[in-house]
Amino acid sequence: MRIHVQNPADEVLFPITPEQWANAVARAPDMAGLRVSFASDDAGYAEAIREAEVLVTWTRVVHERFPKGALPGAAPKLRMIFCTSAGLDRLAPFDWLPDDVLLLNNRGTHAAKAGEYGIMALLMLANNIPFFAERQREGQWQPRFASVLAGRTVCVVGLGSLGGAVAERAKQFGMRVIGVRNSARPHDACERVVAQDAIDSVLPEAEFLVLACPLTPQTQGLLDRRRMELLPRGARLVNIGRGALWDQEALCDLLDAGHLNGAVTDVAVPEPLPPEHRAWRTPGLFITPHMSSDDPGTYNDRSLDILFENLRALRAGRPCPNRVEPARGY
């Protein structure tokens, strides 16, 4: 099988290297027969794509290279695209994707890091760290005491690899975990799971709420102003999904008004967030620049292991575990 890895030209932290590939094959000897090429420029891409059966690359590369109608002509032998991101909302709508080309995401790579970031964010909010960060900048010694996480209720919206990892960490800290996803199917870390259309029924219980679901037409704006107001006064929020999952302006308004106690977000609209945006100065809002789930030390190794898991399934005639269903958007 002919595989091409196309790294973005400006990628310095996460380029997939021949050494990483060789190490992945050493972990999976059944993949030793794969033929692979690497490029980060137009010439290397042009040389490889006409023969490539599998393309491994970034969502932005797919977005740039495959406008609607480009396939199959631009890559006549292509059977699979493996994107190194978990969320592929940038590629929607998927009308550019031929029915006979599999699109895979990188679901699973981010779980360990996301779980640690998520529990860190919950601990930060429980201990009023956004408040203390503001007091530090002002040079103010102003104690504010806090309670432990154990026994408190967190609602985790989205129970895939990101949300599931946060739910597991929260359970380990003794929290009462309520899950929300597209169905009410149980989850081991959750005391209770409700379907997304029943989210209003659990919001009044949520002292903490974590957004970790993919961005789709069904989840865009899911946590709007009305739903934020259903949360108990003093609730705390975390977003490790996408900025468009919530109403960012409403979040700032309700933090300003004191209805919400604090929030930690790793995502924003737009990204990068402009220096003049009010979110930077909203009391109780702590912002990180979309880095919550990416570990440069393990990311590519895990990504290649996941790619091989899917190639193994393809060889065996089984469904690829990371296949994206265009109708669902993930």
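## Cysteines and cores: worked exercises

This predicted model holds zero disulfides. Let's work through that, then turn to the nonpolar cores.

**Exercise 1.** Work out why C252 has no disulfide partner.

*Solution.* Start with the cut-off: a disulfide needs two cysteine sulfurs within 2.5 Å. Next, find the closest cysteine sulfur to that of C252: it belongs to C213, 19 Å away. That is too far for a bond, so C252 stays unpaired with C213. As for its surroundings, C252 is buried, at a relative accessible area of 0%.

**Exercise 2.** Do the same for C320: which cysteine has the closest sulfur, and is C320 buried or exposed?

*Solution.* The closest sulfur sits in C83, 14 Å from the sulfur of C320, and that again is too far for a bond. Now check accessibility: buried means under 20%, and C320 comes in at 11%, so it counts as buried.

**Exercise 3.** Find the largest nonpolar core and say which element gives it the largest share.

*Solution.* The core has 34 residues, and V157, L209, L237, L251 and L260 have the most contacts inside it. Next, look at the elements that give two or more residues: among them are β6 (153-157), β10 (235-239), α8 (248-257) and β11 (260-265). The largest share, five residues, comes from α8.

**Exercise 4.** Which residues does L251 touch, leaving out those up to four places away in sequence?

*Solution.* Go round the L251 side and you'll list M228, L237, W246, L260, A263 and L285. Apart from the largest core lies another one, of 27 residues, including Y117, L122, V154 and C190.

Definitions and conventions: Residues numbered from 1 in each chain as written. Predicted model: local features only at pLDDT ≥ 70, side-chain atom pairs only at ≥ 80, totals over all residues. Heavy atoms only, no water. Buried < 20%, exposed > 50% of the residue type's maximum accessible area, 1.4 Å probe, protein only. Core = buried A, V, L, I, M, F, W, Y, C linked by side-chain atoms within 4.5 Å. Helix = DSSP H or I, 4+ residues; strand = E, 2+ residues; numbered from the N terminus. Contact = heavy atoms within 4.5 Å.
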